[in-house]
Amino acid sequence: MSYLRFEKAHMTNLEEALPRELLRTNRSGAYSCSTIVDCNTRKYHGLLVVPIPELNDENHVLLSSLDPTVIQHGAEFNLGLHKYQGNNYSPKGHKYIREFNCDKVPTTIYRVGGVILKKEVVFRHYEARILIRYTLVDAHSATKLRFRPFLAFRSVRQFTHENSAASREYHEVDNGIKTCMYAGYPDLYMQFSKKNAFIFQPDWYRGVEYPKEQERGYASNEDLYVPGYFEMDIKKGESIIFSAGISEIKTRRLKALFEEEVESRVPRDNFFHCLVTAAHQFHKRMPNDDRYLLAGYPWFKCRARDTFIALPGLTLAIEEQDYFELVMKTAERGLREFMEGKPLTVDIYEMDQPDVPLWAIWAVQQYAKEAGEDKCFKMYGHLVWDIVKYIEEGKHPNLFPEENGLVRVEGRDKAVTWMNSTANGRPVVPRTGFVVEINALWYNALKFAAKLARQNNDEESAAILEEKAALTKESFVDTFVNDYGYLYDYVDGNMVDWSVRPNMIFAVALDFSPLTQDQKKSVLDICTRELLTPKGLRSLSPKSGGYNPMYVGPQSQRDYAYHQGTAWPWLGGFYMEACLKLYRRTRISFVERQMVGYEDEMLLNCLGTIPEMSDGNPPFRARGGMSFAMNVAEILRTLNMLEKYTYKK
């Protein structure tokens, strides 16, 4: 039985089917994404979506969709599905779906009378090429297949509309055609494993509508260009493979290529394997061999904070230490370039955020647990020391060391922490001064640096670092601990933020905490009572002013809700770590129950992965990006910790 499987009742009910999305990536920045019934509901959806660096740093939808039609005795049965204005769906091909499963590769079974057609889809690794295999499982009479491609040739952030500038020109290639709608774009090659007839019949399909964009308060309709259609005979038991890419391929290789791709896939037959596959989808390898982690899909890029937070979970937790080292090699180069005031040669955004170097040290700290402290010091000891020294000397443009041992940031006019939503050019949550998680990370960094110094037999440096850490610890408690058992979120002079937020959990979860055991338990208890949900920690307590848990409506409305009550799974990962560190094996069953809430996501939204966030109130509906790296990472790290605590003697 397939773990990710849906019967006819789910597939033919659009209320059930349309919220469920399917993502395929090629680990080089390109992707393919739609719903499980192949009806695009976002402007980000498309069968072939690729980066085009010559144009900009965005992805671009080349091939929006491909409608297959079964023809028997002159009768045509179109298996496609599009939503048009006025809530009209056409041609309603979903009614022919009998089964869908996503074990190794997404597979859809259609039945039209006596015809049973199987469709399987793979996205080729490290190449912008989508491959679809159609197999005629059963048929009682002569059968033809017709394929109608819908082209967009536009950025994922824009729409295309009928226009006279779009080129209708095409050229025949091996078992297919190549075409390009606009100058600056690469040619799109559409080819089959079998000879076929291409009938040139150019037309625009007008008023295609994307309901997810409507929900988000954006423009939501566009026109798609169809150059014509491909047609060919197919016999019972025969398989035909369609290829779409930005380079030509020898079509006689398609069948073998498809089989190779299928064989390389790991079955998504349980929760853990789904998460491992999702982890690999964030990989990005550039032509110069730089390695990155995308922050998420569909609109996220490589961001520094996300990279360092997600890196241990996406690599070390699944025994992929080598990929940790590859990503860290690229990220370290960017971090050093930033600290040295040089132009960045890496494609990582937001390297200037004040908590980024501290999260880098945290990531190295996790590496030490898996690879050993000796190897960690050889690989990253100098990086840790250089970061600490850089901060101590006040060289960071927005991380200021104070005499009390804490570090201060300026966040009144610009969002400088992970709570980075803005409205009218100003931070919605203007966290400034002494910020709780930044100072918890700073204390942790000092203690870890001292540990590495001792590892290198540098007792003098270790003693100096320990002395600074002791001062930081004392000031942290004096500054953040209040009489109500939790921590202020930030303190700016005489102004303290009493909001109950999840950022205090880091002071409990980190390996080196400035808090006493009683203080840790008190903070954890507050988080449990006021912030914990089945989908992670709320970004704000319901008892705090401004609680806004529903991430809905137009952009401005969502901006105000983004960090004012929404629930974030990655924060839940640190909460679980705090539970296990404080209560050890006695909390194993509790953490296992919490994992059930995340496992539900495997079948609810984007299959096999974790969305960006959820509403803070029941039913905790998923919101934001369909797949978020930090969330997948922290759940994988939690599962890894669970295993260690479970089998710990």
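**Exercise 1. The nonpolar cores**

Identify the residues with the most contacts inside the largest nonpolar core of this predicted model, and state which helix gives the largest share of the core.

*Solution.*
Step 1. The largest nonpolar core comprises 212 residues. Within this core, the residues with the most contacts are Leu314, Ile505, Trp570 and Tyr575.
Step 2. Helix H10, spanning residues 436-455, supplies the largest share of the core, namely 12 residues.
Step 3. Another core, of nine residues, lies apart from it; Leu131, Ile241, Leu257 and Val262 are among its members.
Step 4. For Trp570, with neighbours within four places in sequence set aside, the contacts are Ile309, Trp418, Phe506, Phe628, Met630, Asn631 and Glu634.

**Exercise 2. The salt bridge of Glu634**

Determine which residue forms a salt bridge with Glu634 in helix H18, and whether the two partners are buried or exposed.

*Solution.*
Step 1. Glu634 pairs with Arg637 in a salt bridge whose closest N and O atoms are 2.8 Å apart.
Step 2. Both residues belong to helix H18 (residues 629-646); because they are three residues apart there, about one helical turn separates them.
Step 3. Residues under 20% relative accessible area count as buried. Arg637, at 6% relative accessibility, is therefore buried, and Glu634, with a relative accessible area of 0%, is buried as well.
Step 4. The pair belongs to one network, in which salt bridges that share partners join Lys369, Asp511, Glu577, Lys581, Glu634 and Arg637.

**Exercise 3. Two further salt bridges**

Describe the salt bridges Glu392–Lys468 and Arg206–Asp203, and classify the accessibility of each residue.

*Solution.*
Step 1. The whole structure contains 53 salt bridges.
Step 2. In one of them, the side chains of Glu392 and Lys468 meet at an N to O distance of 2.5 Å. Glu392 is located in helix H9 (residues 373-392) and Lys468 in helix H11 (residues 459-480), so this pair ties together parts that are 76 residues apart in sequence.
Step 3. Glu392 is partly exposed at 25% relative accessibility, and Lys468 is partly exposed at 34%.
Step 4. The side chains of Arg206 and Asp203 also meet in a salt bridge, at 3.8 Å from N to O. Arg206 is partly exposed at 47% relative accessibility, as is Asp203 with a relative accessible area of 35%.

**Exercise 4. A lysine without a salt bridge**

Explain why Lys284 has no salt bridge with Asp347, and list the contacts of Lys284.

*Solution.*
Step 1. Lys284 is placed in strand S20, residues 283-285, and is buried.
Step 2. The nearest side chain of opposite charge, that of Asp347, is 5.8 Å away. A salt bridge requires a side-chain nitrogen of Lys or Arg within 4 Å of a carboxyl oxygen of Asp or Glu, so Lys284 has none.
Step 3. Apart from neighbours within four places in sequence, Lys284 is in contact with Arg27, Ser28, Gly29, Asp290, Arg291, Tyr292, Leu294, Cys302 and Tyr323.

**Exercise 5. A three-stranded sheet**

Establish which strands stand at the edges of the open sheet S27-S28-S29.

*Solution.*
Step 1. The order of the three strands is S27-S28-S29, with antiparallel pairing.
Step 2. S27 (434-435) and S29 (495-496) each have a single partner strand, so one side of each lacks a neighbour in the sheet; these two strands stand at the edges.
Step 3. S28 (residues 490-492) pairs with S29 in the antiparallel sense over two bridges, and Asp492 stands opposite Met495 in S29.

Terms used
Residues are numbered from 1 along each chain as its sequence is written. This is a predicted model: local features need pLDDT of at least 70, side-chain atom pairs count only at pLDDT 80 or more; totals for chains, interfaces and linings use all residues. Side-chain values use heavy atoms; hydrogens and water are left out. Helices (H or I, at least four residues) and strands (E, at least two) are DSSP runs, numbered from the N terminus. Buried means under 20% relative accessible area, exposed over 50%, partly exposed in between (1.4 Å probe, protein chains only). Lys and Arg count as positive and Asp and Glu as negative; His and the chain ends are not counted. Contact means heavy atoms within 4.5 Å. Two strands pair if DSSP finds at least two bridges between them. A nonpolar core is a set of buried Ala, Val, Leu, Ile, Met, Phe, Trp, Tyr and Cys residues joined through side-chain atoms within 4.5 Å.
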